[in-house]
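Here are my notes for someone opening this one for the first time. Keep the viewer beside you and go through the points in order.

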Amino acid sequence: MGRKLQSKLTCKKKNVKEGNRFLQQRRKELAVLVDTLLKLTSTFQSTGKSFEHHLQIEKIIKEIINIESISNKSTNRQRKLYIENYVSWLHEHGAEFEGVEISEFDGYGFGLKATKDFSEGSLILTVPGKVMMSEKDPKASDLSEFINIDPLLQNMPNVTLALFLLLEKNNPNSFWKPYIDVLPEKYSTVLYFNSEELAELRPSPVFESSLKLYRSIVRQYAYFYNKIHTIDLPVLKNLQDIFTFDNYRWAVSTVMTRQNNIVQGTAFTLTNAFIPLWDMCNHKHGKITTDFNLELNRGECYALQDYRRDEQIFIFYGARPNSDLFLHNGFVYPDNDYDSLSIALGISPNDALRNGKVNLLNKLGLSGVTNFSLYKGASPISVELLAFIRIFNMNQEELEKWSAESIPSDLLSFETGTEYDMASIDKRGFTYLLTRCGLIRGTYKDSGGDVQSEHRKNIKLLKQCEVQILENAIKYLRDVIDKISGDEK
C-alpha cells in the first residue's frame, strides 16, 4: 500500500510540474504575440491599407484566442434562468416597477413588457442609485491602486468600468452578481465581426470607423495585458487569469451598449453608469423620458407613449445616426429621423486656388473639416456642407470678393442677402455635389440573397439606410438645380 501511495503522489507532483511548464510556455507564447500586436496597432496605416492591416491584426487575435481558450472554457449560460433571482435582487434593493416584467420579443431579444396599461408620461419604473454600477465604484475598490498609476484609466472612465466589470463578473460574492448574470454572453458590436463581415460594410464610411474601433480595442487589450503581467499589484494578480481578449471585448461591448450618463453629487457631475432593469428597454424614436432624481437618488423612467397590457416598453436612446447605433449598440433603426451619412470632401493640393479656398474656409472655422454630413429628410444639406461646396467651386474673382469680408457668414446661409449674386456659385456647387453623390451611390451594390446572421442583417440594413439618404439628397439637389436654372431664364 505504501508503494502505491508513493506512486500516486509522484504522479501527482509530475502532473503539477507539467501543468506549470505548460502554463509558463503558454504565457511566453502570449507575451510574444501581445508584443507583436502592440507594435502592429501602434503603426499608422493610410485608409487604403487599413483592411490589410486589420487582417494582420485578426490573424494574431485568432492565435491569442486559441491559446487563451485552452485554460478559459466558455460557458453557454441561459440568461432567462437567472431572471427570477435578478428581479428579487432589484425588489430587495428598492427598485419599483409594478406593471412591468422582463420578457423576450421577436427581433429584439429581451426587453420590458407592460403587464398593465400605462398612459403617456406616467412613471413606469424607478431604479435606486445603489444598484447602479458607476465609474465611482472602481475608484472605491482595489482597482483604485492601478487607476492611480495608470494615465489611460485616469482619462478613460469607460475603460476603467470595463476592467471593474470583469473583476466583478468573476467575483462570486459581487453585489452586482444578479445583474451580471443576466447580461448577454455576446454582443452584435463590430468587435465580434469577422473579416468577411467587416469587408461587407464597404463602401459605407462605417467600414473605416469599424476598423478603427476594432484596432483601438485590440491595442487596449495588448496594453493592459502587459501591465497586468508586469506590475506587482494584488488586484492585477486577480486579473491575470481572467483577462483574455474574449473577456475584454465582452466587457467593452457591455460598456458600449449599456453605459449611460447620470448626474451625481452636489457638483452635478456627469458619471458613466450601468442602470439595471432600465437598460433592458429597447430603442424607439421619440423623446427622452428618463431622468435622474438627485433628491431621491434614483433613476426614473416615464412612458414614452400610451402602453397597453402585453406591449413592449420602449425608450428613446437619443438623437443618434445609425452609424453610431451600429458601431456602439450593435443595431440599426430604419425609421431614424436623425440618420445621416458622412462624406469625405477636401481641397486638392494641386488646386491652383487652394490657398484662397483654405483661407476662406478657415474664416468659417472649416479649414480642418474633411467629413460632412448628408441628412435624412427634406433638408439633407448642412450649412457647413453648403459653405464648402460654394467655396470649392469659386473662381479667383469670387474668392477675392468673399475673402474681403471680415466674417463671410452669408456663405453659411441658404438665405443670402440680395447684394450677393449666389445663383452661379450655387449652381456649380450643387451640380458638383450631385455628381459626387451619384458616384458614391454607384458604389453601393445589392448583395442580394437571404441574409441569416444578425451581423449581416445589420450590415444590409445600414447600407440600405445610407442609400436612401443618398437618393433623397440626389433628388433634392436636382430640384434645387432646376429651380436655379428656372430663375435664370
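1. Start with Cys-281, which is buried, at a relative accessible area of 1%. Bear in mind that this is a predicted model. Cys-437 is another one to look up: it counts as buried too, with a relative accessibility of 0%.

2. How many disulfides does the structure hold? Zero. For Cys-281, the nearest cysteine sulfur belongs to Cys-301 and lies 5.0 Å away. The cut-off for a disulfide is 2.5 Å between the sulfur atoms, so Cys-281 is in no disulfide.

3. Now for the strands. S1 covers residues 100-105 and runs antiparallel to S2, with six bridges joining the two. To find your way into this pairing, pick Ile-102: its bridge partner in S2 is Leu-112.

4. S1 and S2 make a hairpin, and three residues sit between them. Have a look at Gly-107 in that turn, where phi is positive, at about 85°.

5. S2 also pairs with strand S10, residues 312-315. These two run antiparallel as well, and two bridges join them. Here you can use Lys-113 as a marker, since Gln-312 in S10 stands opposite Lys-113.

6. Why is S2 described as largely enclosed by the rest of the structure? The strand spans residues 109-114, and five of its six residues are buried, so the surroundings cover most of it.

7. On to charges: the count of salt bridges comes to 18. One of them is between Arg-27 and Asp-241, whose closest N and O atoms are 3.1 Å apart. The two residues come from distant parts of the chain, 214 residues apart. Arg-27 is in helix H1 (residues 2-41), while Asp-241 is in the loop between helix H11 (234-240) and helix H12 (245-258).

8. Are the two ends of that salt bridge buried or exposed? Neither, quite: Arg-27 is partly exposed, with a relative accessible area of 28%, and Asp-241 is partly exposed at 48%.

9. Glu-96 and Arg-298 form a salt bridge too, with 4.0 Å between the closest N and O atoms. This pair again links distant parts of the chain, 202 residues apart. Look for Glu-96 in the loop between helix H3 (83-92) and S1, and for Arg-298 in strand S9 (residues 298-302). Glu-96 is partly exposed, with a relative accessible area of 47%, whereas Arg-298 counts as buried at 18%. The cut-off for buried is under 20%, so Arg-298 falls on the buried side.

10. Don't stop at that pair, though. Which residues are linked in a network of salt bridges here? They are Glu-96, Arg-298 and Glu-300.

11. Last, find the salt bridge where the side chains of Arg-428 and Glu-398 meet, at 2.6 Å from N to O. Arg-428 belongs to helix H17 (residues 423-442) and Glu-398 to helix H16 (residues 396-403), and the two residues are 30 residues apart. Arg-428 is partly exposed at 28% relative accessibility, but Glu-398 counts as buried at 16%.

How values were computed: Residues are numbered from 1 along each chain as its sequence is written. This is a predicted model: local features need pLDDT of at least 70, side-chain atom pairs count only at pLDDT 80 or more; totals for chains, interfaces and linings use all residues. Side-chain values use heavy atoms; hydrogens and water are left out. Buried means under 20% relative accessible area, exposed over 50%, partly exposed in between (1.4 Å probe, protein chains only). Helices (H or I, at least four residues) and strands (E, at least two) are DSSP runs, numbered from the N terminus. Two strands pair if DSSP finds at least two bridges between them.
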